[in-house]
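User: Please take a close look at one part of this model, the place where its pieces meet. Start from the contacts there and work outward in one connected account.

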Amino acid sequence: VITSRQGPHLRLAGGGAGIINFCANNYLGLSSHPEVIRAAVEALEKFGAGLSSVRFICGTQSIHKDLEEKIARFHQREDAILYASCFDANAGIFEALLTPEDAVLSDELNHASIIDGIRLCKANKYRYKHMDMQDLEAKLKEAQKHRLRLVATDGAFSMDGDIAPLREICQLAQKYDALVFIDECHATGFLGPNGRGTDELLGVMDKVTIINSTLGKALGGAAGGYTTGPKPLIDLLRQRSRPYLFSNSLPPAVVGCASKALDLLMESNAIAQSMAAKTQRFRSKMTAAGFTISGKDHPICPVMLGDARLASVMAEDMLNRGIYVIGFSYPVVPKGKARIRVQISAVHSDEDIDRCVEAFTEVGRKHGALP
């Protein structure tokens with residue numbers, strides 16, 4: 001239990017002070033940024049605590065429309081629609097867009113919210129092997145009999161820190177006349193030259209049709225999600241998407257946070273760029289120490305250990321050394337793939353990162369994870 005703000009350094013209930021936090025999705029450190037907090041306070045004072053209503057009745061304020069316009073501009077898309085969370089955005093899109101005549105093709109390691117959203121729709125469902133383009137092509141060939149084909153993938157996969165091969169996915173989608181949907185929760189704000197995500201990173205911004213992402217990670221860390229893409233799609237979602245129609249509007253303070261976070265990103269790419277060097281520092285030092293780090297060039301750095309008990313006791317020992325990390329094991333990850341997931345933030349100092357590596361090395365030797 002945390003008794004301080006979210007950030008690189010925490011206080012925990014029970015007297016834990018000076019803890020270095022390596023397990024939050026606070027990629028850019030904006031959840032405690034003074035300008036972001038000030039924007040939230042100003043929105044709270046001007047627009048109130050909440051709307052007590054859904055959007056289409058009397059829950060739309062000028063700040064909601066402004067933020068949707070800003071999100072669309074950031075992603076270089078036509079329009080955007082806000083949700084209470086990206087889980088809601090994923091729950092709302094497939095049912096509204098796809099009919100029993102259509103097909104959706106989903107990576108087997110997609111986030112639970114994508115899986116749940118696909119379950120809600122009546123489209124024909126195909127699951128392809130993780131980032132396996134041969135299998136995706138085979139499934140696309142099989143799905144040619146359907147009216148519409150939608151390929152759905154995480155842009156960056158949160159458990160493994162790997163990045164979808166979007167160039168190849170978009171090429172196959174073009175070849176087989178399919179649309180591409182990506183969930184960018186673990187990419188928006190820090191992947192790509194300007195932090196616009198995996199489609200910018202891989203040079204396919206004009207090939208990806210639909211982006212769902214969150215305001216609750218890099219973009220201020222509060223709450224909220226969105227869909228951005230073609231205006232006719234957004235118009236359809238406003239009329240048909242159940243989580244949008246039946247959920248209260250985002251609170252003004254949350255809107256203020258996210259709007260300021262986007263301002264900071266669009267003013268300068270310095271914050272987004274700061275992630276790469278810090279991520280590389282941690283990954284290279286951990287690899288040199290003898291650990292296996294999954295994924296590539298992503299601030300999600302899973303330290304692969306295999307054994308569930310080992311991951312648990314090592315994480316506990318790390319906390320005793322002032323480093324807050326979490327062990328993951330089955331059913332969150334496959335059996336035999338237990339890990340400690342480390343997440344690097346732009347506000348970690350080099351000293352923070354080096355302390356984390358030193359603690360891992362000590363604990364790894366103690367428990368036999370290192371020779």
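Analyst: At the boundary, 25 residues of domain 1 are in contact with 26 residues of domain 2. The model is a predicted one. Domain 1 is made of two segments, 9-32 + 269-367, while domain 2 covers 34-267. Taken over C-alpha atoms, the centres of the two domains are 27 Å apart. Between them, domain 1 and domain 2 bury about 2,000 Å², and 61% of that area is on carbon and sulfur atoms.

The nonpolar packing can be followed across this boundary. The largest nonpolar core has 58 residues, and Leu136, Ile169 and Leu215 are those with the most contacts inside it. Helix 11 (residues 252-267) gives the most to this core, contributing eight residues. Because domain 1 and domain 2 both give residues to this core, it lies between them. Another core, of 27 residues, lies apart from that one; Leu305, Ala338, Ile353 and Val357 are among its members.

Of the residues with the most contacts in the 58-residue core, Ile169 can be followed in detail. Leaving aside residues up to four places away in sequence, Ile169 touches Tyr128, Met133, Leu136, Val151, Thr153, Ala164 and Val180. Leu136, another of the residues with the most contacts in the core, is thus one of the residues that Ile169 touches.

Ile169 belongs to helix 7 (residues 166-175), where Leu166, Ile169, Cys170, Leu172 and Ala173 are buried. These five cover an arc of only 160° around the axis, so they sit on the same side of helix 7. Gln171, Gln174 and Lys175 are exposed on the other side of helix 7. The buried residues of helix 7 pack against strand 5 (124-128), helix 6 (133-142), strand 6 (149-154), strand 7 (179-183) and helix 8 (198-201). Just after helix 7, Asp177 takes a positive phi of about 55°.

Two more residues with positive phi can be placed alongside Asp177. Most residues other than glycine have a negative phi, and most peptide bonds are trans. Ser52 has a phi near 55° and lies in the loop between helix 1 (34-47) and helix 2 (55-59). Ser52 is exposed, with a relative accessible area of 72%. Gln76, which is not a glycine either, has a positive phi of about 60°, and is found in the loop between helix 3 (62-75) and strand 3 (79-83). The relative accessible area of Gln76 is 53%, and this residue is exposed as well.

On the other side of the boundary, the segments of domain 1 (9-32 + 269-367) can be tied together through a sheet. Three strands form this open sheet, in the order 1-2-11 and with mixed pairing. Strand 1 (9-12) and strand 11 (323-324) are its edge strands, each pairing on one side only. Strand 2 (residues 16-21) pairs with strand 11 in the parallel sense, over two bridges. In that pairing Asn21 stands opposite Tyr324 of strand 11.

One backbone feature remains, in the loop between strand 12 (326-328) and strand 13 (338-343), where Pro331 lies. The peptide bond from Tyr330 to Pro331 is cis, with omega near 15°.

Technical notes: Residues numbered from 1 in each chain as written. Predicted model: local features only at pLDDT ≥ 70, side-chain atom pairs only at ≥ 80, totals over all residues. Heavy atoms only, no water. Core = buried A, V, L, I, M, F, W, Y, C linked by side-chain atoms within 4.5 Å. Buried < 20%, exposed > 50% of the residue type's maximum accessible area, 1.4 Å probe, protein only. Helix = DSSP H or I, 4+ residues; strand = E, 2+ residues; numbered from the N terminus. Domains from an automatic or database assignment. Contact = heavy atoms within 4.5 Å. Pairing = 2+ DSSP bridges. Arc of directions from axis to C-beta. Buried area = accessible area lost by both parts, 1.4 Å probe.
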